[in-house]
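Trainee: I should like to learn how the terms used for a protein structure are justified. May we take them one at a time?

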Amino acid sequence: MASERPGSDGVPLGAKASSPSRRAGRPPSQSTQGHFKSFLDGAISRRQFGKALAAIGFSAAAAESLTRMISEADAQTLPPERGSSVEGTGAEILVEALLAAGVQYLFATTATGMTAIFDALASRPELKFLLTLQEGQATAMAHGYELASGRTAVLLVPGVAVPSAMNNLYNAWKDRSAIVAISDSAQTTFGGRNQFQQMDDWLEPLQQFTKWRWQINRPERLSEFTRRAIKMAGTPPGGPVHLRIPINVLGEPKLKQTVYPQQLFRVDVNLPPKPELLESAARALLESNAPFINVGHEVTRSDAVDDVVRLAETLGARVSQGYSVYGDFPFKHPLWAGFYGLGAPKHLGQSDVFLNLGTEMPGPGILAPSPPGKATVIHARMEYEDIGNFQPTDIALAGGIREITTALIDAIEGMATRERLAKLSEPRMDAAREEFAKRLEEQRKTAEEDWNAAPISWARMAWELDRHLADDAIIVSELDNRLPYHWMDFAPGRKRLIGQTTGFALGWGVGAALGVKVAQPDRQVVCLVGDGAFLFGQTEALWAAARHDIPITIVVFNNESYDGERERIYWFSPLARNRETRDQWKDISCYLGDPLVNFAAVSRAFGVEAETVLEPAGMEAALERAQLVNRDGGAYLIDARIMQQGHGANSTWHPDISIARNRKRLI
């Protein structure tokens, strides 16, 4: 009886082909290629594949010979002397492949389908299983680990819980963060029945924010596809990759495969730029009257911050912080012009040459103006597909950002004498230093009025943090307010900024900070998070901090509201935009003070010591207590009451809705 399961061309596998003839030398037809793919992917059995070949004209002997040849070829690996022979279950092969790639941590939740993995891990303590309670926070931890270490992170989540991880996988995708997300799956024999924890396609929902995704149906390909996933995730530009592995594949016994060192599969894409384009860019910058540089995450990822500082100082060029999960230029450098996004940086309008270095081109999509129309635009990216998408580009430089930056410096210094360069840069540097000093004085005067106020002002809070945290602390921020960054010393060898994620999906900061501390255990890690963001499913991360002794400090900027969101809602409101109706505008959704959450009590419930600070004078002692607890290996939370800002600040009005009040029966 012919099978009713369709092949990739929609014809039942056992059905008679319309044309049985096959001419010698003819390339395989589209339907034949579809059958090959289905067989190699494990979607059809060897017997079904043989029937499919027979249906399109192969003799029985030819079909059997081809099937055997493909099976043997598919089972072959690279020369075993380049790797190590491993024997065990599918899960043991997976774990050995991860160890061969230098993976040290699994950021994970638990699931019945991972039983075979747990068995494999029990005898391999060198691969550490960091348990969290919720998949989104496990994902944020993996994301933070990758951002702080530059190493591909491995995430282990139940197959049915992948949707719970999607919010922070999206954030990781936006930040080009290399994560291999591995999940279990129902047995391959159950597919297509829409039964327990099944749907038609578990991979499709992740298509928008993964570089690659695959379900491993053939146990003999576990080692190959694991190392491929790690290679795909970590090759710049990085990004999440998803592997889904059925339970029966993980539990398959007595497999024998060769596991190879991951470095045999790495690809260096940090290439130098094209010489003639580089020369044109260097000449344009050298001859510019007002050069301007905008930097992004590729600067930090390529370890080029010091090189960019040198380039800026060579030219006396102003530098803005572009769209990035990092601080990619020292914020207290005189040449720093501010943030390019949610507004325009200073001196942008005067620029006649605009170098966009390692970030996407600014524009209305990030609530920012485009570069001046008069400016010569130079766009330099590793992620070259982003160049010239919507902004006209005069010079496109594709390559590694460190390679591009150092090559630009060399070319500029080769085109001009030291005297000429000094004549260009020194007046610009003097003007920048004078302006920087004035800006600091204005910042100080603006902060004076509320310096001792309670709730605490944002400026005072930032000043206290900068004063009392370690000089090389890593600050993981999920704040919607940039004011603290103007008070803190972020620079190479000083404090380091990670966050806010460019995905801007809330529920990220605490988990990310835990991952950062795992990556950088010898540096102080402090998470700055708003009260609203903390309430986006982040309390579970406190359990992981206590479980695994991850000593971070969490400062909740508690202003009982979504300040930034309220401000944007106000500006986009038709009522608020119209003077005649502006008084009718009300804050419907952003006040969080009823009920008032006691974050310190919540934290203590998870085993993390905590306190509440109501006045600025209390911050110094609170930070000192936090550091003592951190030194002893524990996490600490400070619930700090912060001023509300913007339109509607300090208003406690909210819709008075009570379900209990409408009851007819008091039950």
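Mentor: Certainly. This is a predicted model. Let us begin with the surface, where L342, L367 and F572 make a nonpolar patch of about 320 Å².

Trainee: What makes L367 eligible for such a patch?

Mentor: A patch residue needs over 30% relative accessible area. L367 has 45%, so the requirement is met. L367 lies in the loop between β12 (353-357) and β13 (376-381).

Trainee: Why is L367 called partly exposed?

Mentor: Exposed requires over 50% and buried requires under 20%. The value of 45% lies in between, so L367 counts as partly exposed.

Trainee: How do you know that E146 and R301 form a salt bridge?

Mentor: The side-chain nitrogen must be within 4 Å of the carboxyl oxygen. The closest N and O atoms of E146 and R301 are 2.9 Å apart, so the pair qualifies. E146 belongs to helix α6 (residues 135-149) and R301 to helix α11 (residues 297-301), so this salt bridge ties together parts that are 155 residues apart in sequence.

Trainee: Is E146 buried or exposed, and what of R301?

Mentor: E146 has a relative accessible area of 3%, which is under 20%, so E146 is buried. R301 has 30%, which lies between the two cut-offs, so R301 is partly exposed.

Trainee: What makes R218 and E220 a salt bridge?

Mentor: Their side chains meet at 2.7 Å, N to O, which is within 4 Å, so they form a salt bridge. R218 is buried at 13%, whereas E220 is partly exposed at 32%.

Trainee: Which parts does the salt bridge between D480 and R568 tie together?

Mentor: The closest N and O atoms of D480 and R568 are 2.8 Å apart. D480 lies in the loop between β15 (474-478) and β16 (496-498), and R568 lies in helix α19 (residues 563-572), so the pair ties together parts that are 88 residues apart in sequence. D480, at 37% relative accessibility, counts as partly exposed, and R568, at 29%, also counts as partly exposed.

Trainee: Why are R176, E298, R381, E383 and D386 called one network?

Mentor: Salt bridges that share partners join these residues into one network. By the rule for salt bridges, the count comes to 32.

Trainee: Let us turn to aromatic rings. Why is the pair of Y105 and F107 called tilted?

Mentor: Planes under 30 degrees apart count as stacked, over 60 as edge-to-face, and the rest as tilted. The planes of Y105 and F107 stand at 35°, so the pair is tilted. Their ring centres are 6.4 Å apart, within the 6.5 Å that a pair requires. F107 is buried, with a relative accessible area of 1%.

Trainee: What makes Y485 and F490 an edge-to-face pair?

Mentor: Their planes stand at 75°, which is over 60, so the pair is edge-to-face. The centres of these rings are 6.2 Å apart. Y485 is buried at 4% relative accessibility, and F490 is buried with a relative accessible area of 4%. Both belong to one aromatic cluster with F331, W336 and F339.

Trainee: How do you know that strand β18 is largely enclosed by the rest of the structure?

Mentor: Six of the six residues of β18 (residues 553-558) are buried, so the strand is largely enclosed. Its faces show this in detail: T553, V555 and F557 are buried on one side, and I554, V556 and N558 on the other.

Trainee: How do you know that β18 pairs with β17 and β20?

Mentor: Strands pair if there are at least two bridges between them. Strand β17 (residues 525-530) and β18 have five bridges, so they pair, in the parallel sense. Six bridges join β18 to strand β20 (residues 636-641), so these parallel strands pair as well. C527 stands opposite I554 in β18, and V556 stands opposite D639 in β20.

Trainee: Why are β3 and β6 called edge strands?

Mentor: An open sheet of six strands has the order β3-β2-β4-β5-β7-β6, with parallel pairing. Strands β3 (128-131) and β6 (212-215) each pair on one side only, and they are the edge strands. The twist averages 20° from one strand to the next.

How values were computed. Residues are numbered from 1 along each chain as its sequence is written. This is a predicted model: local features need pLDDT of at least 70, side-chain atom pairs count only at pLDDT 80 or more; totals for chains, interfaces and linings use all residues. Side-chain values use heavy atoms; hydrogens and water are left out. Helices (H or I, at least four residues) and strands (E, at least two) are DSSP runs, numbered from the N terminus. Axes are lines fitted to C-alpha atoms, for helices over the stretch in contact, and angles run from 0 to 180 degrees between N-to-C directions. Buried means under 20% relative accessible area, exposed over 50%, partly exposed in between (1.4 Å probe, protein chains only). Patches are made of residues with over 30% relative accessible area and no salt bridge: like charges are joined within 9 Å, nonpolar side chains (Val, Leu, Ile, Met, Phe, Trp, Tyr) within 5 Å. Accessible areas come from the Shrake-Rupley method with a 1.4 Å probe; for residues, only the protein chains shown count as cover. Rings of Phe, Tyr and Trp (its six-membered ring) pair if their centres lie within 6.5 Å; planes under 30 degrees apart count as stacked, over 60 as edge-to-face and the rest as tilted.
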